[in-house]
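Hi there,

Here is the structure I promised to pass on to you. Please have a look at it first, and then read my notes below.

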Amino acid sequence: FFLVSNPSAQMATVTFRFLRASGTPVEHVLQVQPGERRDVWVNADVPGVTGEFAAVVTSTGAPVVVERS
């Protein structure tokens, strides 16, 4: 799981880039409204990553808090 919180007054587009050991990266994009908290259940929400070791890079144009759970 990744938990994403947007404390800002603007919507945040958060891109998760999963760098898989077995091949090309997989991207997952999440829209987070102002003041909202969202969850990403990697095994259910991100096809192509289940059962693989992956490093994760997040990027966004707004300040957000991302926590791995």
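**Confidence, core and pocket**

Among the elements of the protein chain, E1 has the highest mean pLDDT, at 97, and H1 the lowest, at 89. Please keep in mind that this is a predicted model. The chain averages a pLDDT of 93, and 100% of the residues score at least 70.

Let me begin with the core. The largest nonpolar core holds 14 residues, and Phe16, Phe18, Val40, Val42 and Val46 are those with the most contacts inside it. Strands E1 (2–5), E2 (12–20) and E3 (26–32) each supply at least two residues of this core, with E2 giving the largest share, 4 residues. As background, nonpolar side chains in soluble globular proteins tend to be buried together.

Phe18 is a good residue to click on. Leaving aside neighbours within four places in sequence, Phe18 is in contact with Phe2, Pro25, Val26, His28, Val42, Val46, Val49, Ala54, Ala55 and Val56.

One of those partners, Val26, sits in strand E3. Is Val26 buried or exposed? Its relative accessible area is 14%, so Val26 counts as buried. Beyond four places in sequence, Val26 touches Phe16, Arg17, Phe18, Arg20, Val46, Pro47, Gly48 and Val49. Val26 and Val46 are 20 residues apart along the chain, while their C-alpha atoms are separated by 8.1 Å.

Strand E3 also contains Gln31. With a relative accessibility of 32%, Gln31 counts as partly exposed, because that class lies between 20% and 50%. Its contacts, not counting residues up to four places away in sequence, are Met11, Ala12, Thr13, Glu36 and Arg38. Thr15 lies 16 residues from Gln31 in sequence, and the C-alpha to C-alpha distance is 8.9 Å.

Now for the part you may want to open in your own tools: the largest pocket, with about 160 Å³ of space. Which residues line the largest pocket? They are Phe1, Phe18, Trp41, Val42, Asn43, Val49, Thr50, Gly51, Glu52, Phe53, Ala54 and Val56. By class, the lining has 8 nonpolar, 3 polar and 1 charged residues. Helix H1 (42–45) and strand E5 (54–60) each supply at least two residues of this lining.

Phe18 and Val42 tie the two topics together: both are among the residues with the most contacts inside the core, and both line the largest pocket.

Enjoy exploring, and write back with any questions.

Best wishes

Methods
Residues are numbered from 1 along each chain as its sequence is written. This is a predicted model: local features need pLDDT of at least 70, side-chain atom pairs count only at pLDDT 80 or more; totals for chains, interfaces and linings use all residues. Side-chain values use heavy atoms; hydrogens and water are left out. On a 1 Å grid over the protein atoms alone, a cavity is a set of points where a 1.4 Å probe fits but cannot get out, and a pocket is an open set with protein on both sides within 12 Å along at least five of seven lines; lining residues have an atom within 4 Å of a point. Grid points are joined across faces, edges and corners, and a volume is the space filled by probe spheres set on the points. Ala, Val, Leu, Ile, Met, Phe, Trp, Tyr, Cys and Pro count as nonpolar, Asp, Glu, Lys and Arg as charged, and the others, Gly among them, as polar. A nonpolar core is a set of buried Ala, Val, Leu, Ile, Met, Phe, Trp, Tyr and Cys residues joined through side-chain atoms within 4.5 Å. Buried means under 20% relative accessible area, exposed over 50%, partly exposed in between (1.4 Å probe, protein chains only). Contact means heavy atoms within 4.5 Å. pLDDT is the predictor's confidence in each residue, from 0 to 100.
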